[in-house]
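Student: I should like to learn how to read the structure shown below. May we take its features in turn?

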Amino acid sequence: MVLTIGLTGGIASGKSTVSAMMRQLGLPVIDADEAARAVVRPEEDAYRQIVAAFGPGILQKNGDIDRAKLGAIVFSDEAERTKLNAIVHPAVRRRMLAEKEELVRAGAKTIVLDIPLLFESGLTDWVDKVLVVFVDEETQLRRLMARNGFTKEEALARIRAQWPLAEKVKRADAVLDNNGTIEETRRQLLAVLETWGALEK
Ligand SMILES: CC(C)(COP(=O)(O)OP(=O)(O)OC[C@H]1O[C@@H](n2cnc3c(N)ncnc32)[C@H](O)[C@@H]1O)[C@@H](O)C(=O)NCCC(=O)NCCS
Ligand SMILES: Nc1ncnc2c1ncn2[C@@H]1O[C@H](COP(=O)(O)OP(=O)(O)OP(=O)(O)O)[C@@H](O)[C@H]1O
C-alpha cells in the first residue's frame, strides 16, 4: 500500500520550505505549482488557450507567459481567475496523476502531493493524510510581501483568493505551526511523519 500525503496551506505559509525538508528525508514530492508552470509552456495546449482567452498582451517578448502580468489580472478579478483555473487545472491534474503513477510503478512507499489548492479544488480524496502548514495572518502577510516584493494590497488579494487558513487547519489530519523557526518546523514534521509511518522503507 502506498501512503499518499497531501501537503497544503496558504500562500507563503511555508509549503515549499516543508516540501524541501521532505525531499531531504528521501520522500518523493509532486509539486502542483511546478506542474502548473510546465503545462503552460509555449508548446502546450493550455498555453494556446490562455493566449486565446487573455490576449497576446500577457506574453513576454520571447513568447513565454508573463506571470506577473497574468497574476495581476487574475488576482484582482475572480471571474478572470476562474477562467484561468478552468484552463490550467485539468492539465495540472493529468500531469500530477501521471507523475504519481510513475512513482507507484517505481515502488515508492510514500508519495507527497504539494497542492496549494487541495481543499479549494476538492482533491482531498486523492490523499490518505492531509498535512497543513500554518502561519498566523500577520506572519503570512509579512513573508509574502518580503518574498515577492508585493504591496500590502497585492499580497492581500492573493491571500483572499484562497480559503482562510483556519478552515484548512480544521480539516487537517496534522498541522505544522510555521510561525517559529525552520528548526521548530522540522521537529514537528519529523514527529508527524513518524506517527504516520511515512519514513519506513
Ligand atoms: C497566476 C499565475 C500565472 C501567477 O504566477 P506566479 O509565478 O506569480 O505565482 P506561482 O504560480 O508561483 O503561485 C504562487 C502561489 O499563488 C497561489 N495561487 C496560484 N494560483 C492560484 C489560484 N488560481 N487561486 C488561488 N491561489 C493561487 C498558490 O498558493 C501558489 O503557491 C500562476 O499562479 C497560475 O498560473 N495560476 C493558475 C494555476 C494554479 O491554480 N496554480 C496553483 C496550484 S495548481
Ligand atoms: N519558519 C520560517 N521562518 C522564516 N521564514 C520562513 C519560514 N518558513 C518559510 N519562510 C519564508 O517565507 C516565505 C514563504 O515560504 P514558502 O515559499 O515555503 O511558502 P509556500 O507556502 O511554498 O508559498 P507559495 O504558496 O507561494 O508557493 C519564503 O520566503 C520562506 O523563505
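Student: Which residues come nearest to ligand 2?

Tutor: Please bear in mind that this is a predicted model. There are 16 residues around ligand 2, and those that come nearest are Lys-15, Ser-16, Thr-17, Arg-143 and Arg-147.

Student: Which elements give two or more residues to the shell around ligand 2?

Tutor: Two or more residues come from each of helix H1 (15–24), helix H6 (137–148) and helix H9 (182–195). The element that gives the most is H1, with 3 residues.

Student: How do the residues of this shell divide into nonpolar, polar and charged?

Tutor: The shell around ligand 2 holds 8 polar residues, together with 4 nonpolar and 4 charged ones.

Student: Let us turn to the sheet. What is the order of its strands?

Tutor: To read a sheet, one follows the pairing from strand to strand. Here an open sheet of 5 strands has the order E2-E3-E1-E4-E5, and the pairing is parallel. Strand E2 (29–31) and strand E5 (174–177) are the edge strands, each pairing on one side only. On average, neighbouring strands of this sheet are turned by 20 degrees against each other, direction ignored.

Student: Which strands does H1 touch where it packs on the sheet?

Tutor: H1 touches strand E1 (3–9), E2, E3, strand E4 (129–134) and E5, and its direction makes about 150 degrees with that of E1.

Student: How many bridges join E1 to E4?

Tutor: These two parallel strands are joined by 5 bridges. Within this pairing, Leu-7 stands opposite Leu-131 in E4. E4 also pairs with E5 in the parallel sense, over 4 bridges, and Val-133 stands opposite Leu-176 in E5.

Student: Is E4 mostly covered or mostly uncovered?

Tutor: E4 is mostly covered, with 5 of its 6 residues buried.

Student: How many bridges join E2 to E3?

Tutor: E2 and E3 run parallel and are joined by 3 bridges. In E3, Val-112 is the bridge partner of Val-29.

Student: Finally, into which domains is the protein divided?

Tutor: Domain 1 comprises 1–28 + 108–201, and domain 2 comprises 35–107. Their centres, taken over C-alpha atoms, are separated by 22 Å.

Student: How many residues of each domain are in contact with the other?

Tutor: 9 residues of domain 1 are in contact with 10 residues of domain 2. On the side of domain 1 that touches domain 2, strand E3 (110–114) and helix H7 (152–160) are the elements that give two or more residues. The residues of that side divide into 7 nonpolar, 1 polar and 1 charged.

Technical notes
Residues are numbered from 1 along each chain as its sequence is written. Chains are lettered from A and ligands numbered from 1 in the order in which they are written. This is a predicted model: local features need pLDDT of at least 70, side-chain atom pairs count only at pLDDT 80 or more; totals for chains, interfaces and linings use all residues. Domain bounds come from an automatic or database domain assignment. Two residues are in contact if their C-beta atoms, placed from the backbone, lie within 7 Å. Ala, Val, Leu, Ile, Met, Phe, Trp, Tyr, Cys and Pro count as nonpolar, Asp, Glu, Lys and Arg as charged, and the others, Gly among them, as polar. A residue is near a molecule or strand if its C-beta atom, placed from the backbone, lies within 6 Å of it. Two strands pair if DSSP finds at least two bridges between them. Axes are lines fitted to C-alpha atoms, for helices over the stretch in contact, and angles run from 0 to 180 degrees between N-to-C directions. A residue is buried if 20 or more other C-beta atoms lie within 10 Å of its own, exposed if 12 or fewer, and partly exposed in between; C-beta atoms are placed from the backbone.
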